[in-house]
Amino acid sequence: MENKNERRREEILRISGVNPRKCMKCGKCSATCPSYDEMEYHPHEFVYMVESGELAPLLESKSIYKCLTCFACVERCPRGVEPAKLIEAVRLTVIREKGANHLKADDIPAKLDEEIPQQLLMSAFRKYSK
Amino acid sequence: MQDVTNFKPLIVAFCCNWCSYAGADLAGSNRLAYPADVKIIRVPCSCRVNPMFILRAFQRGADGVIICGCHPGDCHYTSGNYYARRRMSLLFSMLDYLGIERDRTRVEWVSAAEGAKFAATMNDFVEKVTALGPNKRLEDLRCKK
Amino acid sequence: MKVTYFPGCTLRTKAKELDRYAHAACNALGVELVEPDTWQCCGGVFSYAKDEIASKLPSVRALIDARDKNEPLVTVCSACHNVIKQTNHQIKTDADFAFRMNNYLAQEKDAPAPYNGETKVLHLLELIRDEIGFDKVAEKVQKPLTGKKIAAYYGCLLLRPSKTMQMDDPENPKIIEDLIRVLGGEPVIYPARNECCGGYIALEDAESAKKRSNSISDSAAAHGADMIITACPLCRYNLIKNGSKLPVVYFTELLAEALGVKEDNDGE
Amino acid sequence: MQRIGVFVCHCGTNIAGTVDVVAVAEALKNEPGVVHSAEYQYMCSQAGQDLIKAAIKEHNLSGIVVCSCSPRMHEATFRKTAAAAGLNPYMVEIANIREQCSWIHKDMASGTEKAIILGKAAIAKVNLNTPLTPGESPVTKRALVIGGGIAGIQTALDIADAGFPVDIVETKPTIGGKMAQLDKTFPTLDCAACILTPKMVDVAQNEKIRIFSYSEVVDVRGFVGNFDVTIKKRARYVKEDICTGCGLCTEKCPQKKVPNEFNLGMDNRRAIYIPFAQAVPKVATIDADYCTMLKTGKCGVCAKVCTAGAIDYEAKDEFIEEKYGAVVVATGFNPISMDKFDEFAYNQSKDVITSLEFERLTNAAGPTAGKLLRPSDGEHPHTIVFVQCVGSRCEACAEKGKEYCSKICCMYTAKHAMLTRDKYPDTDVYVFYIDVRTPGKAFDEFYRRAVEEYGVHYIKGMVGKVSPEGNKLKVQASDLIAGKQLHIDADLVVLAAAIEPDKSARGLATMLTASMDTNDFFTEAHPKLRPVESPTAGVFLSGTCQGPKDIPETVSQAGAAASKVIGLLCKDKLTGNPCVAQSDEMMCNGCSSCERVCPYGAITYSDKEFRMPDRTTKIRRVASVNPAVCQGCGACTVACPSGAMDLNGFKNNQIMAEVDAICKM
């Protein structure tokens with residue numbers, strides 16, 4: 001169990017390229033985040049929890065689908081931590097598991113409307129499915 | 001063939017005057033033993049150590065050469081130890097290429113307060129060099145009269 | 001001037017105006033937009049996972065096409081621009097990624113020469129500012145947008161991450177405002193212009209997208225704008241879908257209008 | 001061939017306990033050059049020293065080796081002994097057979113063997129020693145202080161107090177620096193002007209101090225004790241000796257739209273101006289960029305109203321050359337530009353200001369006469385948000401922020417917050433902080449008072465974005481303790497901008513060959529033990545040019561720099577260390593490698609004429625070392641590819657000889 005957690009943590013750090021130790025815990029990422037109110041765990045908590053290896057709550061949280069990848073946190077972080085990349089990596093460790101796609105092709109028709117640009121569908125697929 | 005079991009290496013240690021030489025003195029004051037195989041040469045700064053000195057030592061039969069300087073940021077001359085570090089890393093990789101094992105050369109930072117570290121470093125270094133056995137690669141037999 | 005042009009999937013479907021007016025305007029400005037024979041969808045968003053290779057192939061193929069013609073690669077859609085520029089940046093700065101990408105490409109039929117980020121990626125806005133020049137555009141303006149109060153909406157994709165995008169100051173950009181001035185309009189500066197519209201979350205959490213989009217159109221309206229312009233089909237969709245009080249149009253449409261080539265291309 | 005005497009010390013049983021001293025003396029007797037060898041109980045004792053002196057005379061020794069304790073202990077003693085016997089003190093070498101031999105080895109046989117080898121190495125070295133004489137250079141008894149802020153003022157006053165003449169060079173029209181712009185000073189809240197302006201007057205009235213205001217240093221040559229400095233006195237178009245500072249011209253000047261830099265552009269001044277009422281020197285200056293007369297030749301109002309006739313539109317820049325024994329750098333700091341931090345909307349709203357601007361807004365002599373009013377509409381702000389660490393501790397954005405902590409912001413923000421609540425209790429004050437850093441006497445108590453007595457809301461978190469909406473500034477921030485994103489409608493936002501060294505510092509460092517760190521702060525000779533000296537001899541550091549500092553620290557460092565200067569100027573002559581580098585001009589290939597590694601700027605290159613073997617002459621570029629500046633580290637000797645550079649006292653052949661002696665087993 002311990003080992004699996006540690007492997008996942010390493011995987012998250014590897015694919016994100018983020019070093020959470022650079023964080024000085026100022027909270028500017030969460031101050032900046034437009035999805036703050038939608039999230040259970042916020043950008044600074046992602047950084048802290050990945051660093052301390054507390055992954056389970058993150059992996060189960062809906063917060064990983066609430067990040068807009070708008071990159072405001074990355075832009076404004078004074079230490080270059082790049083929380084959005086970390087959140088993306090956490091999400092990927094979930095949806096890369098077999099059958100764990102968050103968005104399934106079958107769900108799409110119900111969500112369509114006349115005007116939806118292809119770009120939206122492409123982006124959502126990329127972000128929510130492997 | 002030399003008797004390897006009784007092998008006593010010859011170690012030349014270059015110590016900067018302000019930190020490491022004082023550290024060696026402190027090791028002495030505290031009676032912290034290290035093998036008599038280590039012979040110290042005093043230089044004003046680790047950056048005074050010319051790669052030629054090290055080559056010469058190996059040529060003349062030294063089995064290991066260690067350079068000790070002030071800790072990074074503490075150099076009496078501000079930046080001398082950085083020069084030493086850069087020069088030595090180049091030299092050591094060249095020596096490695098020539099067949100002088102990495103463990104025969106070393107750069108260490110020892111402050112004037114670190115008598116214990118000085119002794120421990122020397123003990124460790126002598127142990128490593130002893131394990132490697134005598135150095136023959138650069139030895140110039142004409143130097144052994 | 002001839003440039004390689006990457007339209008992107010949405011410009012051929014739901015955002016035909018963005019594409020059509022871009023062609024019209026470039027034509028008027030003496031720039032020829034040449035599409036590669038084959039291009040594939042950029043993927044909509046850039047994947048930040050360092051081990052993601054395949055999804056970035058279409059971008060690299062387009063980049064190689066431009067490299068081989070020794071032309072800059074120009075995009076109009078913010079999303080395509082963001083994906084292609086970031087992919088190019090990753091190839092330039094991440095040796096491991098470049099190595100693996102090139103290994104991939106080497107397996108293809110008629111494998112191209114290894115690619116290491118040589119192509120210059122430009123958004124049409126950058127092409128206008130840096131290559132054509134605002135002064136040149138000003139000379140060609142036929143119908144100035146006099147009296148129009150226009151709110152430029154950047155969103156996230158044009159500006160961020162600024163170290164890679166290098167388009168403008170991510171917190172206080174002025175490239176679109178400068179263009180509006182050149183076209184004779186009056187730019188409206190409002191604080192939400194670099195905020196996110198919600199993007200793809202519209203599919204997952206419509207409520208959240210509505211909140212985001214409304215905060216933007218409301219901010220623009222509160223600062224006295226008559227209209228909002230954007231370079232992103234998704235931004236436009238989100239703003240309109242969520243009931244923007246202001247009309248939302250593509251910047252190319254205004255450009256074409258000011259250059260006097262809009263009507264000729266309407267309703268094609 | 002040297003005539004060497006060897007003296008082996010027993011040091012009681014300290015050495016003799018594990019080293020057979022008699023055997024050592026005996027073994028060394030036959031080394032090349034050795035003509036005399038003896039051992040004695042205590043060589044450092046008077047009797048031991050007498051023994052050495054007698055031997056030097058009796059055997060006509062040209063060099064001696066003392067096998068004893070560490071040279072760090074008694075090298076100086078034995079050098080004096082040698083000198084007393086007429087031998088050059090640098091002909092003495094010590095073989096350290098106590099700390100590095102007898103004390104660490106238990107076994108007599110190996111101890112003795114090692115002592116003999118160490119003795120042989122010292123003998124091999126002495127064989128190659130040459131007599132060295134330290135150089136001497138005179139000292140010009142005048143100091144130059146560059147920068148007229150509180151650091152420069154304090155240093156100049158202290159040096160002048162000791163009786164030495166001092167010149168202050170200040171780029172602005174007045175001395176006073178940043179402190180003159182401040183309102184109150186922490187932690188005691190005395191008004192800055194009340195404690196600074198008397199010092200400025202002291203400077204003006206001190207006969208030993210000259211002030212070159214509106215001036216800059218443009219050239220520095222020479223070395224410690226002997227600097228030749230060129231100072232450019234910029235034309236101020238007003239004769240300093242005639243102007244009475246009445247200020248009539250500054251009231252009548254028709255050009256009213258010049259941004260007033262003293263108030264950070266928050267109001268305007270005239271083209272002819274006196275920065276503030278207590279300026280020193282209190283004379284007017286014409287700003288050539290705005291003066292209509294200087295630009296178009298049409299106006300001349302100031303000349304008409306000046307009853308003293310001080311206006312001189314024809315004035316030119318003047319260059320003054322002066323000699324100095326010591327130079328003190330006191331160039332100070334500036335807040336960094338907020339252009340790259342526009343998430344805080346500094347460039348989008350007038351009501352987002354920096355802390356220094358806040359100082360001016362609360363200063364009775366500021367643009368609002370001390371009333372805290374919003375720059376946009378002159379209204380009284382009811383909600384104020386202070387943001388800490390703007391641009392400080394900023395690793396990600398080296399191109400826009402600074403990696404270091406600016407040190408003063410926590411305290412001045414506490415001061416601003418406290419004073420605001422004190423004067424305007426109806427104001428809500430929020431301070432967003434990452435950490436509150438208050439290490440200083442009565443500092444933390446001060447901060448706690450702001451919280452406990454004045455009710456300032458300190459919130460652990462950072463502001464993410466400031467959005468100007470209507471006449472409000474919408475502040476979006478995080479409160480990490482409450483776990484909330486906060487939205488505050490503020491009237492005024494104050495940014496604690498990071499501070500950086502003044503831009504003039506880099507050019508000055510090049511002129512002085514004084515080293516700087518990556519942030520352009522001057523480097524000190526030793527970070528702990530020589531904090532007010534630059535590694536370049538004769539150059540001293542005062543105030544924030546060396547690193548962020550508050551006023552108490554600046555003043556104490558300024559005093560320390562002054563005491564170092566006084567110590568130098570007290571000397572009539574400087575005696576150098578003879579163990580310095582020396583270049584063999586015949587071997588020098590002019591490559592500049594040595595010049596680049598020298599941390600002291602002791603090496604210069606010049607073209608010299610050489611006679612060639614074929615009797616022609618040739619001009620070659622060669623290095624020469626200034627022995628007064630060289631500190632003898634030897635970095636250059638290794639960098640030199642041709643072997644021209646060598647270090648006296650530690651010459652290449654001497655160290656080689658030691659290596660050989662040790663390795664010859």
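In chain D, D:Ser478 stands opposite D:Gln485 in strand S26(D), a good place to start reading this predicted model. From there, this briefing follows the two hairpins of chain D, then a buried strand of chain B, the two domains of chain A and the contacts between chains.

**Hairpins in chain D**

- The pair D:Ser478 and D:Gln485 belongs to an antiparallel pairing in which 7 bridges join S25(D) to strand S26 (residues 484-490) of chain D.
- S25(D) and S26(D) make a hairpin with 4 residues between them, and D:Gly483 in that turn has a positive phi of about 65 degrees.
- On the N-terminal side, strand S24 (residues 463-469) of chain D and strand S25 (residues 472-479) of chain D are also antiparallel, paired over 6 bridges.
- Within that pairing, D:Ser467 has D:Lys474 of S25(D) opposite it.
- Here too the two strands form a hairpin, with 2 residues between S24(D) and S25(D); the turn holds D:Gly470, whose phi is positive at about 60 degrees.

**A buried strand in chain B**

- Strand S3 (residues 64-69) of chain B is mostly covered, with 6 of its 6 residues buried.
- In a regular strand, side chains alternate between the two faces of the sheet.
- In S3(B), B:Gly64, B:Ile66 and B:Cys68 point one way, while B:Val65, B:Ile67 and B:Gly69 point the other way, and all are buried.
- Strand S1 (residues 11-16) of chain B runs parallel to S3(B), joined to it by 5 bridges.
- Strand S4 (residues 105-109) of chain B is likewise parallel to S3(B), again over 5 bridges.
- For individual bridge partners, look at B:Cys15 with B:Cys68 in S3(B), and at B:Ile66 with B:Arg106 in S4(B).
- Between S3(B) and S4(B) the chain passes through helix H3 (residues 80-98) of chain B, and this β-α-β crossover is right-handed.

**Two domains in chain A**

- Chain A is divided into domain 1 (2-97) and domain 2 (102-130), and the C-alpha centres of these domains of chain A lie 24 Å apart.
- Where they meet, 4 residues of domain 1 of chain A are in contact with 5 residues of domain 2 of chain A.
- The domain 1 side of that contact in chain A is made up of 2 nonpolar residues, 1 polar and 1 charged.

**Contacts between chains**

- Of the 4 pairs of chains that touch, chains B and D have the most contacts.
- Chains A and B do not touch, and their nearest C-alpha atoms are 22 Å apart.
- Chains B and C do not touch either, with 25 Å between their nearest C-alpha atoms.

Definitions and conventions. Residues are numbered from 1 along each chain as its sequence is written. Chains are lettered from A and ligands numbered from 1 in the order in which they are written. This is a predicted model: local features need pLDDT of at least 70, side-chain atom pairs count only at pLDDT 80 or more; totals for chains, interfaces and linings use all residues. Two strands pair if DSSP finds at least two bridges between them. Two residues are in contact if their C-beta atoms, placed from the backbone, lie within 7 Å. Domain bounds come from an automatic or database domain assignment. Ala, Val, Leu, Ile, Met, Phe, Trp, Tyr, Cys and Pro count as nonpolar, Asp, Glu, Lys and Arg as charged, and the others, Gly among them, as polar. A residue is buried if 20 or more other C-beta atoms lie within 10 Å of its own, exposed if 12 or fewer, and partly exposed in between; C-beta atoms are placed from the backbone. A crossover is right-handed if, with the strands pointing away from the viewer, the path from the first strand over the helix to the second runs clockwise.
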